[in-house]
Amino acid sequence: IVRYYISEKFDANYAGSWEAMWRISAIYLLFLTTTFKFYLVPTFTNLEKNGLKKEVFKIWKTTLPIIIIITLAVYISKDIIINILFTSKFKLVNSLILFHLLGDIVKINCWVLGNILVAKAKTTHFILFQIEWSIVFVVLSIILANKYDFAGLSIAYFTTYLIHFLLLNIYFRKLLWKNN
């Protein structure tokens, strides 16, 4: 929906640059998300309450510095990355990259919580959170692209993940934020 909207509002070059930003993000996040698949679900499956809470905070303490370092490296070397992976026609990615990378930092923290839902077989809740993310992202993309032009799309991505993280924290408030 968002890609189609970009093509209509801007043009195919903008839609291609938006897609390129998603590809860059997927490439560098692959390292953490692959690790998550093999570690988080089995670990979370066997933990309850206090153990689960401690594990979440341990993972956040480990992954947050890693993702910040990776995103800083990507941001600093963005022109090199764009030139290696794409062509100079994709310079529009520069207008998206900052907020998209900030969104990825929040995204990783959301993934940790989302994997609790998977590990605890809360499939309906997991699906509802995915639908929530999609709806919020589409709506914010349209609103913020109209307000901030092309860069509004990455602001929408970042804002959507902030909202998603907040909602996940509300859902897991008893586990994460209340003393047991």
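Four helices, α2, α5, α6 (123-148) and α7, each supply at least two residues of the lining of the second largest pocket. This briefing covers a predicted model. It looks at two pockets, one cavity, two residues with positive phi, and helix α1.

**The second largest pocket**

- The space in this pocket comes to about 270 Å³.
- Its lining is made of 16 residues.
- Nearest the centre of the second largest pocket lie C110, W111, G114, F126 and Q130.
- Helix α5 gives the largest share of this lining, with seven residues.
- By class, the lining of the second largest pocket holds ten nonpolar, four polar and two charged residues.

**The largest pocket**

- The largest pocket holds about 340 Å³ of space.
- Its lining counts 14 residues.
- K49, L52, K122, F172 and L175 are the ones that lie nearest the centre of the largest pocket.
- Helices α3 (49-76), α5 (97-119) and α8 (173-176) each bring at least two residues to this lining.
- The largest share, three residues, is from α8.
- Seven residues of the lining of the largest pocket are nonpolar, one is polar and six are charged.

**The cavity**

- How many cavities of 30 Å³ or more does a search of the whole structure find? The search finds one.
- The volume of the largest cavity is about 30 Å³.
- Which residues line the largest cavity? They are W18, W22, L96, H100, F137, L153, S154 and Y157.
- Helices α2 (12-45) and α7 (151-171) each supply at least two residues of this lining.
- The largest share of the cavity lining comes from α7, with three residues.
- Six of the lining residues of the largest cavity are nonpolar and two are polar. None is charged.

**Two residues with positive phi**

- Most residues other than glycine have a negative phi.
- K49 has a positive phi, near 30°, and K49 is not a glycine.
- Helix α3 is where K49 lies.
- Is K49 buried or exposed? Its relative accessibility is 58%, so K49 counts as exposed.
- K49 is also one of the residues nearest the centre of the largest pocket.
- D149 is another residue other than glycine with a positive phi, here near 65°.
- Where does D149 sit? D149 is in the loop between α6 and α7.
- D149 counts as partly exposed because its relative accessibility is 45%. The exposed class begins over 50%.

**Helix α1**

- Helix α1 spans residues 2-9, and V2, Y5 and I6 are buried in this helix.
- Why do the buried residues of α1 line one face of the helix? Seen down the axis of α1, they fall within an arc of 100°, so they line one face.
- Y4 and E8 are exposed, on the other side of α1.
- What do the buried residues of α1 pack against? Their packing partners are α2, α6 and α7.

**Helices to find in the structure**

- Look for α7 at the largest cavity, where α7 supplies three lining residues.
- Look for α7 again at the second largest pocket, where α7 supplies at least two.
- Helix α7 also packs against the buried residues of α1.
- Helix α5 supplies at least two lining residues to the largest pocket, and seven to the second largest pocket.
- Helix α2 supplies at least two lining residues to the largest cavity, and at least two to the second largest pocket.

Technical notes: Residues numbered from 1 in each chain as written. Predicted model: local features only at pLDDT ≥ 70, side-chain atom pairs only at ≥ 80, totals over all residues. Heavy atoms only, no water. 1 Å grid on protein atoms, 1.4 Å probe; cavity = no way out; pocket = protein on both sides within 12 Å on 5 of 7 lines; lining within 4 Å. Points joined across faces, edges and corners; volume = space filled by probe spheres on them. Nonpolar A, V, L, I, M, F, W, Y, C, P; charged D, E, K, R; others polar. Buried < 20%, exposed > 50% of the residue type's maximum accessible area, 1.4 Å probe, protein only. Arc of directions from axis to C-beta. Contact = heavy atoms within 4.5 Å.
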